[in-house]
Structure formats: structure tokens, C-alpha cells
Amino acid sequence: MKSLYDLVIIGAGPAGLAAAVAARDFGLSTLVLDEQQIPGGQIYRSIEKALTENTPVLGKDYFHGQKLVERFRQAGADYLPEATIWDLGRDLIVSCLVDNQARQIRARHILIAVGAMERPVPIPGWTLPGVMGAAAADILFKSCDMIPEGPVVLAGSGPLQLLVACRLIDNGVKVAGMVETNGFGDNLKALPHFPGALRVPHYLIKGLSMLWKVRQAGIPAFRNATNLRVEGDESAEALCFDARGKAQKIPAKTILLHEGVVPNLQLTRLLGCEHQWYEPQRYWKPVLDSWGQTSVNGISVAGDAGGVFGAKTAEAAGHLAAIDISSRLQALSAQEKASAAAPLLKERAREMSIRPFLDTVFPPGRQALVPPGNETLVCRCEELTAGQIREAVALGALSPGQVKAQTRAGMGPCQGRMCGLTVAEIIAASRQVPLAEVGHLRVRPPLKPITLGQLAKLEIAE
Amino acid sequence: MNVDTQFDVVVIGGGLQGCSVALHLAHEKKRVLIIERDSCGQHASGVNAGGLRRLNRLVEEIPLSMAAQKMWHDIESLVGSDCGFRPTGQVRIASNQEDLATLEERAQKTRLLGYRHEEMINAEALRKMVPAIGNRGVGALICRGDGFADPALTCLAFRLRAEDLGVTIRQGSGVSAIEKNNQNWRVYTGAHSFDAPTIVNCAGAWGDRIAAMAGDHSSLKKTALALMVTARLPHFIDPVIGHASRKLSFKQMSNGTLVIGGALKGILTENQKDTLIDFPQMKESAETVCSFFPFLKDLPVVRCWAGIEGMTPDKLPIIGPGKAGSGVFHAFGFSAHGYQLAPIIGRVMTDLICRGKTEFDLEAFRINRFLP
Ligand SMILES: Cc1cc2nc3c(=O)[nH]c(=O)nc-3n(C[C@H](O)[C@H](O)[C@H](O)COP(=O)(O)OP(=O)(O)OC[C@H]3O[C@@H](n4cnc5c(N)ncnc54)[C@H](O)[C@@H]3O)c2cc1C
Ligand SMILES: Cc1cc2nc3c(=O)[nH]c(=O)nc-3n(C[C@H](O)[C@H](O)[C@H](O)COP(=O)(O)OP(=O)(O)OC[C@H]3O[C@@H](n4cnc5c(N)ncnc54)[C@H](O)[C@@H]3O)c2cc1C
């Protein structure tokens with residue numbers, strides 16, 4: 001390990017891995033940090049460990065990742081798994097915790113490839129045992145071979161919901177219901193984007209075959225569901241909701257909620273990068289040029305951390321960012337840069353052509369964005385309800401920062417990762433102003449807790 | 001929309017000092033407008049360490065500080081909330097004979113001035129008060145009745161009470177210029193302007209700019225001060241901890257978290273409005289805490305933050321009238337210990353404005369002490 005690298009990459013998903021392979025090709029000294037034990041990121045999680053008997057279930061896509069990880073292992077980049085990043089500065093110093101040792105590492109350029117996270121779905125009862133995110137359940141499956149206990153109900157909106165449903169069916173888990181918060185109206189709205197999606201027909205075919213599988217399995221399906229809530233005393237017992245003009249109730253042991261994924265912004269927020277609001281999926285994303293450069297010098301972003309576009313796009317974006325960074329660090333001439341980038345730019349544009357369609361067909365449900373009731377828990381760390389957030393707004397709080405000062409929402413160990421978006425949505429709805437106007441929570445280090453003892457032994461970058 | 005533009009007093013800055021001044025003036029039936037550039041309590045007042053300390057105050061401030069502490073003990077009657085006030089006492093620990101000598105000298109000094117609030121205690125008494133200190137303290141200077149409160153709660157309570165009493169508050173746009181027409185000041189903010197015969201400058205770390213607009217010279221340095229807060233742990237300590245010679249300063253809040261600070265510098269960003277954390281400073285502080293309380297080494301730090309404070313060269317605030325007869329009054333530059341003074345500052349300024357005098361000697365705080 002060195003104390004200075006040309007490139008430090010945070011995140012070993014498809015974006016970070018592709019970037020590392022390319023950066024090494026161009027001769028950059030490269031360090032990859034990731035909090036997981038092994039490379040792969042979200043989609044190719046635990047890929048080196050994945051049991052071969054799961055092959056048909058995990059699918060061909062999953063094993064595309066195996067090749068990528070192999071190339072990464074051979075590329076000669078330094079790699080620190082199980083590394084917690086707890087601070088990152090505009091001076092390009094990365095502070096991390098590895099093996100109980102806090103240290104700072106200098107970089108000439110930093111690539112943030114930390115992916116996305118599942119949007120929290122604060123409905124009544126969402127914190128009961130037995131309720132979790134659909135993607136979270138999928139991660140448990142990939143990394144621990146853990147299959148949720150049936151009957152399972154899936155609720156929300158998004159392509160991942162469908163994917164997870166199919167995976168459950170393939171594993172013989174009883175799926176008692178598919179409850180979608182989106183509906184036919186969204187299909188209509190997405191119609192103008194359909195021609196664009198036709199550029200990547202394999203995605204459409206995959207989608208249709210998944211729909212077909214769910215239908216074949218005879219799973220009760222509902223659309224335009226509203227008023228969702230989980231019932232149960234000690235743990236989840238049923239999902240209740242309104243659909244088809246009446247109250248519905250599906251008993252279940254496991255309830256998987258999903259309303260899409262949103263970029264993981266802790267690092268870019270901490271750095272004070274410029275962000276923009278993406279209305280179709282109602283999330284913030286960093287403002288990037290076509291190479292992934294942020295508004296802050298020396299900081300680039302690739303993959304879902306810059307906007308949720310899927311694994312293939314992430315890989316292309318990681319590669320493109322590495323090309324750009326290499327040319328900035330004078331490892332590549334302008335001409336080499338252009339010719340290396342051309343096929344990737346094309347590939348990425350093609351991959352992204354499905355997104356306007358997907359993002360419109362699967363909008364996040366209104367109820368998950370702004371919990372209508374006052375009792376719904378919003379900030380889990382400080383145990384604050386939607387009503388308490390509204391009260392703060394009534395007392396004059398105009399922004400998430402002011403709500404935080406008044407209520408402590410976002411002051412717990414998760415630092416607002418979970419409640420930040422919901423708090424902002426509630427403020428915007430209460431004040432009846434666009435969300436972009438109410439702003440966002442200020443992120444403060446350490447991003448992940450570090451003990452006083454570890455901090456006392458911090459190895460400071462010279 | 002019809003906006004009132006004529007007021008008796010315009011207060012510039014909606015930190016605690018501004019809100020305290022406004023609410024005291026409102027009690028005197030003055031029509032008051034607060035103009036706050038960002039949001040009330042967003043800067044030093046809302047993010048400070050919450051320490052309420054007479055202990056080891058600069059002697060010039062002791063009379064104000066004593067009066068303020070009395071008000072803190074009854075803060076609910078002033079603002080309708082206890083502001084999280086906890087009279088746990090404050091202690092200043094000595095680790096060796098040299099420290100002890102420093103503290104004894106200090107105790108002597110205040111005694112000679114006739115004060116009785118600070119007292120020396122020996123190692124045994126210290127251990128009784130702070131069992132966790134073990135044998136790492138040889139004595140301490142303490143002040144009973146000192147303690148801490150919750151800055152965010154305090155800012156909210158002061159603002160709400162001011163509003164209840166009829167104070168108008170405009171947030172989100174700062175004062176860009178002021179201009180005197182006959183008896184009235186015209187105060188410009190954004191696209192608006194407001195008139196009042198009297199202006200109070202409570203602009204904190206930016207107070208020197210407002211003073212300059214009124215033709216008063218001052219000397220102020222913006223400084224970022226940083227704090228860190230830990231995860232909750234079971235209650236183990238009552239008083240607020242300080243030290244005679246080391247940078248040790250922390251308290252355990254009512255919710256169990258530790259707030260650790262003590263003149264830790266942060267980094268001021270270019271816009272002079274934001275701050276960053278300087279971890280080498282935090283490392284030093286963590287080392288100090290762990291060396292005195294080794295069992296805290298496994299306690300997670302969950303967040304660091306910093307606020308911006310205006311420091312004067314002599315570390316004393318600027319309190320009092322500006323140029324004679326100008327109708328401008330200043331209360332800024334509290335140099336890292338202004339939270340405790342906030343309740344009394346409102347009263348002093350109100351006395352100055354409404355009665356032309358105050359019972360306190362403000363000689364040491366006058367603005368023209370900085371004239372070249
Ligand atoms: C259940 C599921 C199924 C999916 N199926 C598909 C699919 O079929 N097709 C498709 O195109 N996409 C799919 N996706 C989306 C796909 O996973 C992402 O688009 C892709 O992984 C994005 O790659 P990335 O490199 O940007 O980030 P990720 O793969 O998310 O990798 C980010 C990495 O950063 C690390 N990290 C995050 N924060 C930190 C930090 N602070 N410090 C250190 N490390 C950190 C993480 O540990 C992770 O390894 C699926 C996602 C999920 C969750
Ligand atoms: C980290 C930290 C810890 C501290 N700990 C303690 C402690 O334990 N005990 C203690 O007693 N003190 C402490 N202090 C000091 C204390 O917080 C301050 O002295 C006190 O809050 C000052 O109050 P203020 O109202 O003057 O300033 P501020 O709260 O800074 O308010 C000034 C306001 O003026 C506004 N403003 C500026 N320019 C303009 C303009 N042109 N137009 C309109 N508005 C304007 C600003 O936006 C700001 O809101 C600490 C300070 C910090 C930063």
C-alpha cells in the first residue's frame with residue numbers, strides 16, 4: 001500500500017471494477033476500496049463465492065460479472081476490501097478504516113462508484129420484523145443463500161420487484177401477491193418513450209418473460225394500490241391496501257417493499273458537489289459531464305451513484321471515467337482518449353435508451369414519498385414520525401437542515417441516509433413548494449461511526 | 001402583499017443575541033423587525049456546545065455572566081421552555097502541581113474581586129464529583145450552578161417567543177446596505193427596504209461588516225470551531241469537563257451522547273459561510289479524551305460539525321452604542337462564549353435603547369477600543 005495513488009476508486013461494483021481495469025491499462029497507480037469482503041458490487045455480489053448450483057437461478061448476467069472480477073484481480077490494482085470510508089475531502093484525501101486502523105490516503109484523482117441504495121418505503125408497519133426491501137432480500141440471497149420465508153408479498157414499483165418475484169418463484173417460495181403502486185396510467189405516460197426502448201429489445205423481452213412467469217405462477221396481482229400498511233403485532237402478518245375499489249388484505253410472513261433505488265450521495269454531498277433533481281424517479285443526482293466529472297476538481301462519479309442506469313451502463317461509465325482521468329493525468333493523449341472512448345460512448349447511449357421508458361413505467365408511489373398519516377415512522381434512528389416532521393414545519397422549519405435542528409431527524413448514526421429524502425418530501429408537500437426548493441440535509445463526517453480510540457490512532461496523510 | 005416597512009428597531013442577525021434583543025424590546029412594546037440572512041440559529045447560536053460557564057470567564061465579563069446565569073436558572077419564564085437547561089456544574093481539572101498553581105492563582109484573582117462563584121476542590125472531592133477520573137486529577141476549580149443547555153431548543157424557544165410577542169422575522173436574505181435619512185435608517189435587504197430610527201447589529205461573525213456600514217471600525221476574525229458527538233452511553237458523568245492546561249472539554253448530554261470540543265479549529269470554506277472538519281485536530285482531541293477516560297476508547301463518534309464564530313483580538317465581545325447619536329447599537333464578536341450571555345444581552349441592549357443606560361459597566365466592550 002502506498003500513501004499516494006494516481007487514482008483511488010471507492011466501490012468495487014461494475015463501475016469501479018471496469019474503471020480499475022482500464023486505469024491499470026493506462027498505467028495509473030490505482031487503489032480500490034470497498035466495504036464488502038469481495039468485489040462485485042450490488043449486482044455481482046459475492047460472485048466469487050456464488051454456489052454453482054444457483055447458476056440457473058442467478059442468471060447469465062450474473063456470470064458476466066465473473067469475467068469482470070477476474071480481469072480486475074489480474075489488473076494489478078491495490079485492493080482494500082472491508083474498508084469503511086468515513087471522510088473525503090476536496091484536498092483529495094480519503095480517510096478510511098481498515099482492519100481497525102484509521103488512515104488517510106492521498107489521491108491525484110478520486111472516482112466515486114458507490115452505487116445506489118433502495119429507497120426507504122415508510123408505510124405504517126414498515127419497521128416490523130418480516131418487512132424488508134426487495135433488493136435487500138435479494139442481497140441476502142446472493143451473499144448468504146438466505147431465502148425469505150413464505151408466503152411473501154411484494155409491494156411497490158420498479159423492475160427489481162419483478163426480478164425478485166421471479167427469483168422467488170424459481171426457488172419455490174410461495175408468493176402470495178404482487179401489489180404494484182403504479183398502474184395503467186403510467187404505462188400510457190411511458191408510451192412516447194417506447195420507441196427509444198426498442199433500441200435494446202433484449203431488455204423488453206426479458207421484462208415480458210418475467211411478467212409472463214409471474215402470470216403463469218398464478219400470483220394474485222394488483223395495480224394502482226394505495227393506502228398500504230403492514231399489519232402484525234410482533235412481526236408482519238399481512239399487507240393491507242386499497243385496490244380495485246375496495247380494501248384488500250393478503251396474509252404473509254414476509255413483506256418485500258420496493259419503490260426503486262436512488263443514488264448513494266453521502267460522498268458527493270459531503271464534498272459539496274453540485275446536484276440536480278431528477279423528476280421521473282424523484283431523486284437527486286450529482287451534476288456530471290459526459291465523462292463523469294463532478295463540479296469539484298479531481299472528483300469523478302461513475303455508475304449508479306451518478307444516476308440509476310443499470311449494470312451495463314455502470315461498466316461503460318467506469319471505463320469512460322478511467323479514460324478521462326488518465327488523460328487528465330497525462331497518461332493518454334487527446335487522440336488516444338477520443339478513439340478509446342468512441343465505442344464506449346455508443347454502447348452507453350444504447351444501454352441508456354431503455355431508461356426513460358423504465359423510469360416512467362415505474363414511478364415511485366406517492367404514498368412512499370410522502371406518508372399521508374402522521375403516525376408513520378420516518379427517522380428510524382431518532383424514532384420520529386411524519387407528524388413530528390410536519391409539526392416542525394408548522395413551527396417555521398423551511399428546510400431539512402432546520403427540521404434536523406428542531407427534531408434531530410437525521411442526527412442518528414445513519415446521518416439521514418434513510419430519512420433524508422422523506423423529510424424533504426414532507427416539507428415540500430407541507431409548504432406546497434417544489435422539492436428542489438427545500439434543499440437537502442448537510443452531510444457531516446464521519447460518514448460511518450469511528451471510535452474515539454480509532455480516531456486517536458489515525459494515521460495522518462503527510 | 002402589503003409589507004410593513006416602518007419599525008421602531010431593526011435587528012440585523014437572527015442568532016440568539018438578535019432574538020434575545022428582539023424579544024426584550026418587544027416587552028417594551030417596541031415594533032421590531034429581525035432580518036436574518038440565512039435562517040435563525042443556523043450559525044453559532046444553533047450549533048455550539050451548549051456550555052453555560054461562568055467558570056474561568058474573562059473577569060470583565062463576570063458581572064454579565066453572573067446575571068445571565070441567574071436568568072438561565074429561570075429560563076422558562078423568559079421563553080416558555082426549559083431549553084434543556086441542566087445545572088450540573090462545571091469543573092476545570094488539574095493533572096499536576098503546575099495546573100493546580102494556575103487554578104489557584106485564578107481562584108485568588110476572582111476572590112480578590114469579591115466573587116465567590118468559583119471554588120477549589122481537592123483530588124478526593126474531584127473523584128467524588130467525577131468518579132471516572134480515577135487518579136488522573138489532583139484537584140479542580142469548579143463552579144456549581146454552571147451547566148449546559150440545548151442550543152437548538154434554545155434558538156427555537158427564543159425565536160418562537162419573539163414571534164409570539166409580535167416581532168417580525170424575515171429570513172433568507174441578508175442586509176446589503178444601510179443608509180441614514182434624517183432620523184431614520186433605511187435598511188436594504190434583497191429587493192426590500194425597511195426604516196427604523198434604531199438598528200441593532202447582532203450579525204455574529206459578520207458583525208464587523210454591518211458595523212462598517214454604520215461607520216464604526218472594529219476588529220473581528222471569523223473562526224470555524226468544531227465539535228464531535230458520540231453514540232449514546234449510559235450516564236456516567238454530571239458536570240461539564242474542562243482542564244487547566246490540556247484541550248479537554250466535553251459533557252454528557254441528557255440523551256447520553258458526549259459532546260466533545262474545546263477550541264478545536266475547523267476549516268472555513270471560501271464563501272466564509274461554510275465549514276469543514278480538520279481530522280488531525282479531532283485526532284488530538286480524541287487522544288486527550290482517551291488518555292483521561294480510557295474506557296471511552298470504544299465509543300463511536302457519530303458526527304462532527306463546526307460553526308463560525310467572530311473572535312475579537314482581546315476575546316471580549318463588542319457590546320454598546322456605535323457613534324454617538326447614530327441610533328446604531330452593537331452586540332457581536334462573542335469570541336466563543338456568547339451562548340451563555342444571550343439572555344442578559346437582550347436586557348442590556350433594551351435598557352440602552354429604551355432608557356439610554358444600563359446597570360452594567362460596558363467600558364471593556366465598547367467598539368471604539370479598536371480605533372487605530
Ligand atoms: C437485487 C438487484 C438486482 C439487479 N438486477 C439488475 C439487472 O438484472 N440488470 C441490471 O442492469 N441491473 C440490475 N441491478 C442494478 C445493478 O446492480 C446496478 O445498476 C449496478 O450494480 C451498479 O453498479 P455500480 O458499480 O454503480 O454500483 P454497485 O454495484 O452498487 O457497487 C457499489 C459498491 O460500492 C461499495 N460501497 C458503497 N458505499 C461505500 C462506501 N461508503 N465505502 C466503501 N464502499 C462503498 C459497495 O459495497 C458496492 O460494492 C440490480 C440491482 C439489485 C440490487
Ligand atoms: C462550535 C462552537 C461551540 C461553542 N460553544 C459555546 C459554549 O459552549 N458556550 C458558550 O457560551 N458559547 C459557545 N460558543 C459561542 C456562541 O455560540 C456564540 O458566541 C453565540 O452563539 C453568538 O451568537 P450571535 O447571535 O452573536 O451569533 P450567530 O448565531 O452567528 O448569529 C449571527 C447571525 O447574523 C446573521 N447575519 C450575518 N450577516 C448578516 C447580514 N448581512 N444580514 C442579516 N443577517 C446577517 C447570520 O446569518 C447569523 O445567523 C460556541 C461557538 C461555536 C461555533
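A polar contact is a pair of N or O atoms within 3.5 Å. In this predicted model, one such pair joins ligand 1 to chain A: an oxygen atom of the ligand lies 2.6 Å from a side-chain N or O atom of Asp304(A). Further pairs involve Lys206(A), which places a polar side-chain atom 3.2 Å from an oxygen atom of ligand 1, and Ile43(A), whose backbone N or O atom is 3.4 Å from an oxygen atom of the ligand. On its own, ligand 1 would expose 990 Å², of which the protein buries 90%. The helices α1 (14-25), α4 (134-144), α5 (159-170) and α10 (311-328) of chain A each give two or more residues to the shell around ligand 1. That shell has 28 residues, and those that come nearest to the ligand are Ala15(A), Asp34(A), Gln42(A), Asp138(A) and Asp304(A).

One of the elements that contribute to this shell, α10(A), was examined further. The helix has 18 residues, which should span 26 Å at 1.5 Å a residue, and its end C-alpha atoms are indeed 26 Å apart. Because 15 of these 18 residues are buried, α10(A) is largely enclosed by the rest of the structure. After the helix comes Gln330(A), which has a positive phi near 65°.

Ligand 2 is surrounded by 33 residues, the closest being Glu36(B), Ser45(B), Gly51(B), Val175(B) and Glu309(B). Polar backbone atoms of chain B approach this ligand at several points. A polar backbone atom of Ala44(B) is 3.3 Å from an oxygen atom of ligand 2, and a polar backbone atom of His337(B) is likewise 3.3 Å from an oxygen atom of the ligand. A nitrogen atom of ligand 2 lies 3.2 Å from a backbone N or O atom of Ala49(B). Taken alone, ligand 2 exposes 1000 Å², and the protein buries 95% of that area. Two or more residues of the shell come from each of α1, β2 (32-36), α2 (44-47), β13 (221-230) and β19 (300-311) of chain B.

Helix α1 of chain B, one of the contributors to the shell around ligand 2, covers residues 16-27. The twelve residues of this helix reach 17 Å from the first C-alpha to the last, close to the expected 16 Å. Eleven of the twelve are buried, and the helix is thus mostly covered. Among the buried residues are Leu16(B), Cys19(B), Val21(B), Leu23(B) and Leu25(B), as well as the polar Gln17(B), Ser20(B) and His24(B). Lys29(B), which follows the helix, has a positive phi near 70°.Over all chains, the structure holds 32 salt bridges. In one of them, the side chains of Lys448(A) and Glu35(A) meet at an N to O distance of 2.9 Å. This pair links distant parts of the chain, 413 residues apart: Lys448(A) belongs to the loop between α17 (435-438) and β22 (450-451), and Glu35(A) to the loop between β2 (30-33) and α2 (55-58) of chain A. Lys448(A) counts as partly exposed because its relative accessibility is 25%, and Glu35(A) counts as partly exposed at 46%.

A second salt bridge in chain A joins Arg282(A) to Glu279(A), with the closest N and O atoms 2.7 Å apart. Arg282(A) has a relative accessible area of 16% and is therefore buried, whereas Glu279(A), at 44%, is partly exposed. Both residues are part of a network of salt bridges that also includes Glu425(A).

In chain B, a salt bridge is formed between the side chains of Asp38(B) and Arg37(B), at 3.1 Å from N to O. Asp38(B) is buried, with a relative accessible area of 14%. Arg37(B) has a relative accessibility of 24% and counts as partly exposed, since the range for buried residues ends under 20%.

The surface of chain A also carries a nonpolar patch, formed by Phe184(A), Leu188(A), Leu191(A), Phe194(A) and Leu198(A). Together these residues have about 510 Å² of accessible area. Leu188(A) lies in helix α6, which spans residues 184-190 of chain A. With a relative accessibility of 48%, Leu188(A) counts as partly exposed, because only values over 50% are classed as exposed.

Methods: Residues numbered from 1 in each chain as written. Chains lettered and ligands numbered in written order. Predicted model: local features only at pLDDT ≥ 70, side-chain atom pairs only at ≥ 80, totals over all residues. Heavy atoms only, no water. Helix = DSSP H or I, 4+ residues; strand = E, 2+ residues; numbered from the N terminus. Expected span 1.5 Å × (residues − 1). Buried < 20%, exposed > 50% of the residue type's maximum accessible area, 1.4 Å probe, protein only. Patch = residues over 30% accessible without salt bridge, like charges linked within 9 Å, V, L, I, M, F, W, Y side chains within 5 Å. Areas by Shrake-Rupley, 256 points an atom, 1.4 Å probe, with all protein chains shown as cover. Salt bridge = Lys/Arg side-chain N within 4 Å of Asp/Glu carboxyl O. Near = heavy atom within 4 Å. Polar contact = N/O pair within 3.5 Å; in protein donor to acceptor, adjacent residues only side chain to side chain.
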